[in-house]
Amino acid sequence: MAARGGGERRPRGVNKGRRAGLRRSGKLGAGGGSGGGGSGAQLTRTGLLRMALGGGAADPLLPAEERRAPFVLRALRIGLVVCLYWFTSITMVFLNKYLLDSPSLRLDAPLFVTFFQCAMTAALCAGLSLGAACGAPCAGLPALRLDLKVSRSVLPLSVVFIGMVTFNNLCLKHVGVAFYNVGRSLTTVFNVLLSYLLLKQTTSLYALLACGVIIGGFWLGVDQEGAEGTLSWAGIFFGILASLCVSLNAIYTKKVLPVVDGSIWHLTFYNNLNACVLFFPLMMMLGEFHTLYHFDKLGNPTFWGMMTLGGVFGFAIGYVTGLQIKFTSPLTHNVSGTAKACAQTVLAVIYFEETKSFLWWTSNLMVLGGSFAYTWVKGLEMRKVEEDPNLKSSEKNETGV
């Protein structure tokens, strides 16, 4: 076949037919160039855009039937999954804000709220696995069997997990939903710091610059919250601790997964079951049982309905997160999470009828922009390593986390 720049020129219709046939057979990439070329394949602007928006659907490593799925059907499926993730995540934040800091509820027991959600998650895991033994619709779920040895092995992760969910809820209790994203925005920064301290992995200059933008947005947001008289240093402190625990949770999850044979389902069950046990002494030390005893809505069905709903959404967020990654890609999932945080901030400002300054909005845009830039840079670095095997040994340690 002649080169594109010279030689015999074929009729346009013939070229279209050949390219369509190659695309159906998986030999032609989604960007229009050859998808079966060597490791030096060039990342064109169109290819990058398709990689981000189309996720793994155009990846030649996926099954052929997935690659051959009609574009409209694939786009519709991805859109539904992303909408489900957004709805579940945003609804859970607003539900938790109501349970933790509602003037009408007046319940000062954040650990109990978190404990109840962990108990609901563990119970739903056990219930659905029990249903798997009875057949559809739970037939695809693995069976659960309590093993104390496995539970002890998962315990270090459970301690970090307790810190993550508790500090997240304590941050949300002390800051507004609109500022919640900025208050716990340092997760990416801690990812870079811990990957160097614990895993000895370095980070590229562009990724470090993105982290600098996030830190700048965080401090500007703190300054603007103080200028508006709504700053809570307790909320900022808990937000920083939550960001640290989120990073540690990712690292410990990778270390503990082999204990449960790589099963996220089993890890979720053991993690939440351990958390339920560990929460009891913490609630006792902080006097939350006394608070619950004097709580005037303890027998109110509406209260327990909201608690149950919060527990269901707490369980569902793990499932829809995995679903979004499955139907898109980790890169697209992070981009979606950043866009979701932006939408959540706008909804919170509208719902609570708040008025924010230009610099306050600038701080949010800096955090969101820095997070998006970091995700994009890491995605390009990972794709570069995957496409050029010669770089795996020399540059793998430079891509960081």
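**Entry 1: the whole chain**

Among contacts between residues at least 6 apart in sequence, what share joins residues at least 24 apart? I looked this up before anything else, and the figure for the protein chain is 78%. A note to myself before going on: this is a predicted model.

Next I counted the secondary structure. I found 16 helices and zero strands in the protein chain. Of its 401 residues, buried ones make up 42%. I also looked up the exposed surface, which comes to about 21800 Å², with carbon and sulfur atoms supplying 66% of that area.

**Entry 2: the nonpolar cores**

I then turned to the inside. The largest nonpolar core holds 55 residues. Which members touch the most others? My list reads L107, F112, F179, F279, F303 and M307.

I picked F279 for a closer look. Leaving out residues up to four places away in sequence, F279 touches L111, T114, F115, C118, I162, V165 and T166. Apart from this core lies another one, of 12 residues, and I noted V154, L257, W265 and L267 among them. I jotted down the general rule here as well: in soluble globular proteins, nonpolar side chains tend to be buried together.

**Entry 3: salt bridges around K356**

How many salt bridges does a search of the whole structure find? It finds eight. I followed the ones at K356 first.

E225 pairs with K356, and their closest N and O atoms are 3.7 Å apart. E225 sits in helix α9 (residues 205-227) and K356 in the loop between α14 (330-351) and α15 (358-387), so this salt bridge ties together parts that are 131 residues apart in sequence. Are these two partners buried or exposed? E225 counts as buried because its relative accessibility is 4%. K356 is buried too, with a relative accessible area of 17%.

K356 also meets the side chain of E228 in a salt bridge, at 3.5 Å from N to O. This pair links distant parts of the chain as well: E228 is in the loop between α9 and α10 (233-256), K356 is in the loop between α14 and α15, and the two are 128 residues apart. E228 has 28% relative accessibility, so I wrote it down as partly exposed.

**Entry 4: a salt bridge inside α15**

For a short-range case I went to K378 and E381. Their closest N and O atoms are 3.0 Å apart, and they form a salt bridge. Both residues lie in helix α15, three residues apart, which is about one turn of the helix. The background rule is that an α-helix has 3.6 residues a turn, so residues three or four places apart point the same way. I checked burial here too: K378 is at 6% relative accessibility and therefore counts as buried, and E381 is buried with a relative accessible area of 16%. Back at the K356 site, salt bridges that share partners join E225, E228, E354 and K356 into one network.

**Entry 5: Q324**

I wanted a polar residue in the interior, and Q324 in helix α13 (residues 301-327) fits. Its relative accessible area is 0%, so Q324 is buried. What does its side chain make a polar contact with? The partner is the side chain of S336, at 2.9 Å. Not counting residues up to four places away in sequence, Q324 touches V81, V82, Y85, S329, H333 and S336.

**Entry 6: cysteines**

I searched the whole structure for disulfides and found zero. Why is C276 not bonded to C118? C118 holds the closest cysteine sulfur, but it is 5.6 Å from the sulfur of C276, too far for a bond. Both C276 and C245 count as buried, each at 11% relative accessibility.

**Entry 7: helix α8 and L144**

In helix α8 (residues 187-197), I listed the buried residues as T187, T188, V189, F190, V192, L194 and S195. Their cover includes α9, α10 and α15.

My last stop was L144, in the loop between α5 (110-132) and α6 (148-174). L144 is partly exposed, with a relative accessible area of 22%. G127 is 17 residues from L144 in sequence, and their C-alpha atoms are 9.5 Å apart. Setting aside neighbours within four places in sequence, I found L144 in contact with C125, A126, S129, W265, H266 and F269.

Note on methods:
Residues numbered from 1 in each chain as written. Predicted model: local features only at pLDDT ≥ 70, side-chain atom pairs only at ≥ 80, totals over all residues. Heavy atoms only, no water. Core = buried A, V, L, I, M, F, W, Y, C linked by side-chain atoms within 4.5 Å. Buried < 20%, exposed > 50% of the residue type's maximum accessible area, 1.4 Å probe, protein only. Contact = heavy atoms within 4.5 Å. Salt bridge = Lys/Arg side-chain N within 4 Å of Asp/Glu carboxyl O. Helix = DSSP H or I, 4+ residues; strand = E, 2+ residues; numbered from the N terminus. Areas by Shrake-Rupley, 256 points an atom, 1.4 Å probe, with all protein chains shown as cover. Polar contact = N/O pair within 3.5 Å; in protein donor to acceptor, adjacent residues only side chain to side chain. Disulfide = S-S within 2.5 Å.
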